[in-house]
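Here is a friendly walk through one protein chain, in questions and answers. Keep the structure open beside you as you read.

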Amino acid sequence: MYFVPEGTNKCGFYECRECNYRFLSLNTLPRIACPLCEQDICYEIGPDESIEDLLETSDLKEIIEGEDDVKRLDQLLSCAYQDDDESWI
């Protein structure tokens, strides 16, 4: 599988507020760091900003439970980001 290991029964479906990247993670926290935005973070913060706001840009959209549902969404997202073939739509 592309985002989570084979046999995963529960994971979080996240969307980044900055780049709109959607991904699965083994975490189910309300906010986590985006794997794409995390590479380009500028750690200089202003007086009214917090480091958490810079790092945790992805919001939990849904908790996916059940091995079949996790596998199906993982395949769907991997097709969306990996293939040039749009027949999956």
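A polar contact here is a pair of N or O atoms within 3.5 Å, where one must be able to donate a hydrogen and the other to accept it. Please keep in mind that this is a predicted model.

Q: With which side chain does the side chain of Asp59 make a polar contact?
A: Asp59 is found in strand β4, which covers residues 58-65. Its contacts, leaving out residues up to four places away in sequence, are Phe13, Tyr14, Glu15, Arg17, Pro30 and Arg31. The side-chain polar contact has a distance of 2.9 Å, within the 3.5 Å limit, and the partner is Arg17.

Q: How far apart in space are Asp59 and Arg22, C-alpha to C-alpha?
A: In sequence, Asp59 and Arg22 are 37 residues apart. In space, their C-alpha to C-alpha distance is 9.7 Å.

Q: What pattern does the protein chain follow along the sequence?
A: The protein chain has 2 helices and 4 strands. Read along the sequence, these elements give the pattern β-β-β-α-β-α.

Q: Which strands are the edge strands of the open sheet?
A: The open sheet has 4 strands in the order β2-β1-β4-β3, with antiparallel pairing. An edge strand pairs on one side only. That description fits β2 and β3 (31-32).

Q: How many bridges pair β1 with β4?
A: Strand β1 (residues 10-16) is joined to β2 (residues 22-25) by 4 bridges, and Phe13 has Leu24 as its bridge partner in β2. Towards β4, Gly12 has Ile63 as its bridge partner. The antiparallel pairing of β1 and β4 has a bridge count of 7.

Q: Which residue in the hairpin of β1 and β2 takes a positive phi?
A: This hairpin has 5 residues between the strands. The positive phi is near 65 degrees, and the residue that takes it is Asn20.

Q: Which element gives the most residues to the largest nonpolar core?
A: This core has 15 residues, and Phe3 and Leu24 touch the most other members. At least two residues come from each of β1, β2 and α2 (67-82). With 4 residues, the element that gives the most is β1.

Q: Which residues of α2 does Leu24 touch?
A: Leaving out residues up to four places away in sequence, Leu24 touches Phe3, Val4, Cys11, Gly12 and Phe13, among others. Helix α2 covers 67-82. The contacts of Leu24 that fall in this range are Val70, Leu73, Asp74 and Leu77.

Q: Is Ser25 buried or exposed?
A: Ser25 is found in strand β2. Outside its neighbours within four places in sequence, Ser25 is in contact with Val4, Cys11, Gly12, Tyr14 and Ile32, and its side chain reaches the backbone nitrogen of Asn27 at 3.1 Å. The relative accessible area of Ser25 is 12%, and the limit for this class is under 20%, so Ser25 counts as buried.

Q: Are the rings of Phe3 and Tyr21 stacked, tilted or edge-to-face?
A: Phe3 lies in the segment before β1 and Tyr21 in the loop between β1 and β2, 18 residues apart. Their ring centres are 6.4 Å apart, and their planes are at 55 degrees. Stacked needs under 30 degrees and edge-to-face over 60, so this pair is tilted.

Q: Are the rings of Tyr21 and Phe23 stacked or tilted?
A: Tyr21 is buried at 12% relative accessibility, and Phe23 is buried at 4%. Both belong to a cluster of Tyr2, Phe3, Tyr14, Tyr21 and Phe23 linked by ring pairs. The centres of the Tyr21 and Phe23 rings are 5.6 Å apart and their planes are at 20 degrees, so the pair is stacked.

Q: Why is the sulfur of Cys19 not in a bond with the sulfur of Cys37, and how many disulfides are counted?
A: A disulfide is a covalent bond between the sulfur atoms of two cysteines. The closest cysteine sulfur to that of Cys19 is in Cys37, at 3.6 Å, which is too far because the limit is 2.5 Å. Cys19 is partly exposed, with a relative accessible area of 33%. The number of disulfides counted is 0.

Definitions and conventions. Residues numbered from 1 in each chain as written. Predicted model: local features only at pLDDT ≥ 70, side-chain atom pairs only at ≥ 80, totals over all residues. Heavy atoms only, no water. Pairing = 2+ DSSP bridges. Core = buried A, V, L, I, M, F, W, Y, C linked by side-chain atoms within 4.5 Å. Buried < 20%, exposed > 50% of the residue type's maximum accessible area, 1.4 Å probe, protein only. Contact = heavy atoms within 4.5 Å. Phe/Tyr/Trp six-rings, centres within 6.5 Å; stacked < 30°, edge-to-face > 60°.
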